[in-house]
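Q: I have a structure open and have not looked at it before. Can you walk me through it?

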Amino acid sequence: MANLPTIEDAELAILRHISSLNIRGGEIFNAMIMKIELQKKGFSSTEIDPAMDNLFQKGFFEAGTGPFMKLTDAGYKAL
């Protein structure tokens with residue numbers, strides 16, 4: 001039986017995906033595209049959404065317009 005990903009696994013996958021985009025603090029990324037890419041890697045919405053909420057609460061992202069989020073300096077340092 002395979003182990004389901006934890007919230008921490010999903011957070012790490014999110015940060016790795018953002019790191020692959022080569023963006024810096026203050027720049028935006030498309031959260032919807034990121035979610036689709038993580039789902040292709042086997043993560044579900046029930047794993048991704050709480051992880052995104054945790055990272056948002058930690059101050060790693062700020063809400064943007066539409067599907068876009070802004071990576072904060074704290075988020076960039078975590079990459």
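The chat below covers the sheet first and then the salt bridges.

A: Before you start, note that this is a predicted model.

Q: Fine. What is the order of the strands in the sheet?
A: The sheet is open and has 3 strands in the order E1-E3-E2, with antiparallel pairing.

Q: Which strands stand at the edges?
A: Strand E1, residues 28-30, and strand E2, residues 61-63. Each has a single partner strand, so one side of each is left without a neighbour in the sheet.

Q: How much are neighbouring strands turned against each other?
A: By 40 degrees on average, with direction ignored.

Q: How many bridges join E1 to E3?
A: There are 3 bridges between E1 and strand E3, which covers residues 68-71, and the two run antiparallel.

Q: What stands opposite Ile 28?
A: Lys 70, in E3.

Q: Which helix packs on the sheet?
A: Helix H2, residues 31-40, which touches E1 and E3. The direction of H2 makes about 50 degrees with that of E1.

Q: New topic. How many salt bridges are there?
A: The count comes to 4. Among them is the one between Lys 58 and Glu 11, where the closest N and O atoms are 3.1 Å apart.

Q: Where do Lys 58 and Glu 11 sit in the chain?
A: In distant parts, 47 residues apart. Lys 58 is in the loop between helix H3 (45-57) and E2, while Glu 11 belongs to helix H1, residues 7-20.

Q: And is Glu 11 buried or exposed?
A: Glu 11 has a relative accessible area of 9%, under the 20% cut-off, so Glu 11 counts as buried. Its partner Lys 58 is partly exposed, at 49%.

Q: What about H2, which residues of that helix meet in a salt bridge?
A: Lys 40 and Glu 37, with 3.3 Å from N to O. Both lie in H2, 3 residues apart, about one turn of the helix.

Q: Are those two buried or exposed?
A: Lys 40 has a relative accessible area of 61%, over the 50% cut-off, so Lys 40 is exposed. Glu 37 is partly exposed, with 28%.

Q: Back to Lys 70. Which residue forms a salt bridge with it?
A: Glu 62, and the closest N and O atoms are 3.4 Å apart. Lys 70 is thus the residue opposite Ile 28 and also the salt-bridge partner of Glu 62.

Q: How accessible are Glu 62 and Lys 70?
A: Glu 62 is partly exposed at 37% relative accessibility. Lys 70 is also partly exposed, with a relative accessible area of 32%.

Note on methods: Residues numbered from 1 in each chain as written. Predicted model: local features only at pLDDT ≥ 70, side-chain atom pairs only at ≥ 80, totals over all residues. Heavy atoms only, no water. Pairing = 2+ DSSP bridges. Helix = DSSP H or I, 4+ residues; strand = E, 2+ residues; numbered from the N terminus. Axes fitted to C-alpha atoms, helices over the stretch in contact; angles between N-to-C directions. Contact = heavy atoms within 4.5 Å. Salt bridge = Lys/Arg side-chain N within 4 Å of Asp/Glu carboxyl O. Buried < 20%, exposed > 50% of the residue type's maximum accessible area, 1.4 Å probe, protein only.
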